[in-house]
Amino acid sequence: MPLPLLLPAALGLLFLVLPLGGLLVRTPWSTLPQRLTEPGALTALRLSLQTATLATGLCLLLGVPLAWLLARVEFPGRRIVRALVTVPLVLPPVVGGVALLLVFGRRGLLGGWLDATFGITLPFTTAGVVLAEAFVAMPFLVIAVEGALRAADPRYEEAAATLGAGRWTTFTRVTLPLVAPGLAAGAVLCWARALGEFGATITFAGNYPGRTQTMPLAVYLALETDLEAAIVLSVVLLAVSVTILAALRDRWISAP
């Protein structure tokens, strides 16, 4: 490898790895178990796991049909729809939280009707956390599943239709097994993004311990009062991220 490329590559790798190494070096390993078992840390971790899982389930329910629509159905404006789906990837999360407030808040486009008709209030609730996480995480699932659907051989679906299988049977018995690896990878990435969501959550759901304070919010709060606690919580999130990368390693290596 030529030196003019090797040196910037090494600097880029160092730039990405050095902050993570600094986090591990500053971790109070001797008091780590004690800090992890503190009520506030356990509550934030439990809430994060629950809301990220629920958000991923919501994304699967809505995102898989959306990915199938984008991959298999020709309709006017499909490129615009695909662009709109990917907007949360580049939209600042705080802006996403403000947008959610304007739609689902008590005076929002839908929030006022939900409150008046069903008595449902979403902002500053655990359900609001799930909604905020799903908003920012769903594009990861849609993009992964759409890519898997485009790469899948449609002849299997055509053969199933020829044998008399209905569209729903073909989708559940043929299409989903074909794209299962892409679906699993998209779901894992979606879950990881939901777990690490901060901006939209704090804007739309607030930072109430036990109700809306997830791990990223707990890190932010601890950073102002207890640096070691913030480091410990950050290490937990780092460990989750590394585990996810390890779980997806085989798929990335085998990808063309």
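Me: What makes the lining of the second largest pocket divide the way it does by class?

Reply: In this predicted model, that lining has 16 nonpolar residues, no polar and no charged ones. Ala, Val, Leu, Ile, Met, Phe, Trp, Tyr, Cys and Pro count as nonpolar, Asp, Glu, Lys and Arg as charged, and the others, Gly among them, as polar, so each of these 16 is from the nonpolar set.

Me: How many Å³ does the second largest pocket hold, and which residues are closest to its centre?

Reply: The second largest pocket holds about 310 Å³, the space filled by probe spheres set on grid points joined across faces, edges and corners. Pro 88, Leu 100, Ala 134, Phe 135 and Met 138 are the closest to its centre of the 16 lining residues. Two or more residues each come from α3, α4 (78–90), α5 (93–104) and α7 (126–151), with α7 giving the largest share, five.

Me: Why is the largest one called a pocket and not a cavity?

Reply: The largest pocket, about 350 Å³, is an open set on a 1 Å grid over the protein atoms alone, with protein on both sides within 12 Å along at least five of seven lines, whereas in a cavity a 1.4 Å probe fits but cannot get out. Of its 13 lining residues (an atom within 4 Å of a point), Trp 68, Arg 167, Trp 168, Phe 171 and Thr 175 are closest to the centre.

Me: Which element gives the most to that lining?

Reply: α9 does, with five residues. By class, the lining of the largest pocket has seven nonpolar, three polar and three charged residues.

Conventions:
Residues are numbered from 1 along each chain as its sequence is written. This is a predicted model: local features need pLDDT of at least 70, side-chain atom pairs count only at pLDDT 80 or more; totals for chains, interfaces and linings use all residues. Side-chain values use heavy atoms; hydrogens and water are left out. Helices (H or I, at least four residues) and strands (E, at least two) are DSSP runs, numbered from the N terminus.
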